[in-house]
Amino acid sequence: MKTFTDKRRNASSDGGNSGFKMKQLPFMGVICSVTLYIVYRTTNYQYYETQMETKLHPFDSVEDNELPSGKLKDLPRGIMHTRSDLELRPQWRKSLRSAVKVNTNKNLLAMPVGIKQKEHVDDVVKKFRTENFTIVLFHYDGKVDGWWDLDWCDKAIHIVAHNQTKWWFAKRFLHPDIVSTYDYIFLWDEDLGVEHFNPGRYLDIVKSEGLEISQPALDPNSTEIHHKITIRSRMKKFHRRVYELRGKTRCSNISEGPPCSGFVEGMAPVFSRAAWRCTWHLIQNDLVHGWGMDMKLGYCAQGDRTKNVGVIDREYIVHKGIQTLGGTGELTKKTKKKRGTSSGSSGFDPRAEIRRQSTWELKIFKERWNQAVTQDKDWIDPFPRQQRRRKHKRQSKFEDLYD
């Protein structure tokens, strides 16, 4: 039999164990609370990330009117993403905090580039990087390795195809569904000086004036100026038309079409999202030089081309007139003559061949346009040619150069 002393000893021992367990309870409570808090924060953070992705990429979800009827019945509707973008994505994420990085790149700069114009391209890209542009470079000479010493190089998209033009690249890699997340698309040449150009201020003017298609004005000292409407007016913020009563192309106050109004040139066009969707379809897949397109871009201006197309004077650029694709990366003959330098001599002139090809493509483009207009009986030209009367030809010669 257990004595009274043994019972007291056992009771004391049980009380000690119970006391130890009672001391463990607060500690276990803290551990459970911390665990639940971590699970809650992780779940909440993942939900927040999903919501942010939905807001930042609203085109990812499939709408009924976006789904090709009868073509994608093998997949459930909710899993299909109809759009994409050109943003770089990491292969892994170091932490949850780095997972939710708000993408502020709402505009796109795309340029054909060669290594010989590296310095000029660097100047342009630095201007646009400060305004959070996505940068896409089309390397027509294949020499991508020579760019990696630039601090922004790994942040850009690099696409390589030997001896291809800007319009060839744009048709294949800037499909409207791919660039639909960007508000504006800058499709520029590489030989442009941007000392007097700021992308942010430029877009402020574009938005305030409701321009769907635009370009920065050209410094009057630029080379290779083909149309007077592109020349900068020092007294204006922007202009939509030009008056010219001399020369081969005459522009009066009744001139409502290009190159007098509703016109930008192909070297530095800027498109809104809607205008680019139209323009992409206008680009001919096999006509790579794009000649003739500038005269038809007004049809993509989402309305009246005399109002929705303009040239920005306050933010202007310099066209350096440097031979790039098909050339030697040197100054054009016109520029050399202007600067008093020799052009040298050679047997084969690739630039002459390119010009011959471009002229042929212009002829083909005009034929295709005329044929399309004739065949499409439902299409109505929104810009019919105005009847010109003699009295309009006698307009005062004292008109201002720009309205």
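Let's start with a pair of side chains: D122 and K126 form a salt bridge, and their closest N and O atoms are 3.3 Å apart. Why can these two meet? Both belong to helix α3, which covers residues 118–129, and being 4 residues apart there puts about one helical turn between them. The partners sit in rather unlike surroundings: D122 is buried, with a relative accessible area of 12%, whereas K126 is partly exposed at 43%. Keep in mind as you look around that this is a predicted model.

Now step back for the overall view. The protein has 403 residues, and 40% of them count as buried. Its chain forms 10 helices and 9 strands. Take the contacts between residues with a separation of 6 or more: 73% of them involve residues 24 or more positions apart. On the outside, the protein exposes about 24800 Å², and carbon and sulfur atoms supply 52% of that area.

What about the inside? In soluble globular proteins, nonpolar side chains tend to be buried together. Here, the largest nonpolar core holds 36 residues, and the members that touch the most others are L174, L187 and W276. Several elements each supply at least two residues to this core: the strands β1 (107–113), β2 (133–139), β3 (157–160) and β4 (184–187), along with the helices α4 (166–173), α6 (273–282) and α9 (350–375). Apart from this core lies another one, made of 33 residues, among them I135, L137, Y184 and V206.

To get a feel for the largest core, try standing at L174. Leaving aside residues up to four places away in sequence, L174 touches L86, L108, A110, F138, F169, V179, L187, W276 and W280.

One of those neighbors, W276, makes a good next stop. You'll find W276 in helix α6. Is W276 buried or exposed? With a relative accessible area of 0%, W276 is buried, since anything under 20% counts as such. Again setting aside residues up to four places away in sequence, W276 touches A170, L174, P176, V179, I185, L187, F271 and I283. There's one more thing to look at from here: W276 and E212 are 64 residues apart along the chain, while their C-alpha atoms are separated by 9.0 Å.

Back to charged pairs. How many salt bridges does the structure hold? The count is 13, so the pair we began with has company. Another of them links D85 and R89, whose closest N and O atoms are 3.4 Å apart. In this pair, D85 counts as buried at 15% relative accessibility, and R89 counts as partly exposed at 47%.

A further salt bridge joins the side chains of K237 and E209, at 3.3 Å from N to O. K237 lies in the loop between β6 (213–218) and β7 (238–239), and E209 lies in helix α5 (residues 199–209), so this pair ties together parts that are 28 residues apart in sequence. Both partners are partly exposed: K237 has a relative accessible area of 27%, and E209 comes in at 23%.

Finally, follow the backbone for a few spots worth a look. Most residues other than glycine have a negative phi, and most peptide bonds are trans. Where does a cis peptide bond turn up in this model? Such a bond joins P258 and P259, with omega at about 5 degrees. P259 lies in the loop between β7 and β8 (270–272).

Positive phi values come up as well. N163 is not a glycine, yet its phi is positive, near 55 degrees. This residue, N163, is placed in the loop between β3 and α4. With a relative accessible area of 58%, N163 is exposed. Q302 is another residue that is not a glycine but has a positive phi, of about 60 degrees. Look for Q302 in the loop between α6 and α7 (305–308). At 43% relative accessibility, Q302 counts as partly exposed.

Technical notes: Residues numbered from 1 in each chain as written. Predicted model: local features only at pLDDT ≥ 70, side-chain atom pairs only at ≥ 80, totals over all residues. Heavy atoms only, no water. Core = buried A, V, L, I, M, F, W, Y, C linked by side-chain atoms within 4.5 Å. Buried < 20%, exposed > 50% of the residue type's maximum accessible area, 1.4 Å probe, protein only. Contact = heavy atoms within 4.5 Å. Salt bridge = Lys/Arg side-chain N within 4 Å of Asp/Glu carboxyl O. Areas by Shrake-Rupley, 256 points an atom, 1.4 Å probe, with all protein chains shown as cover.
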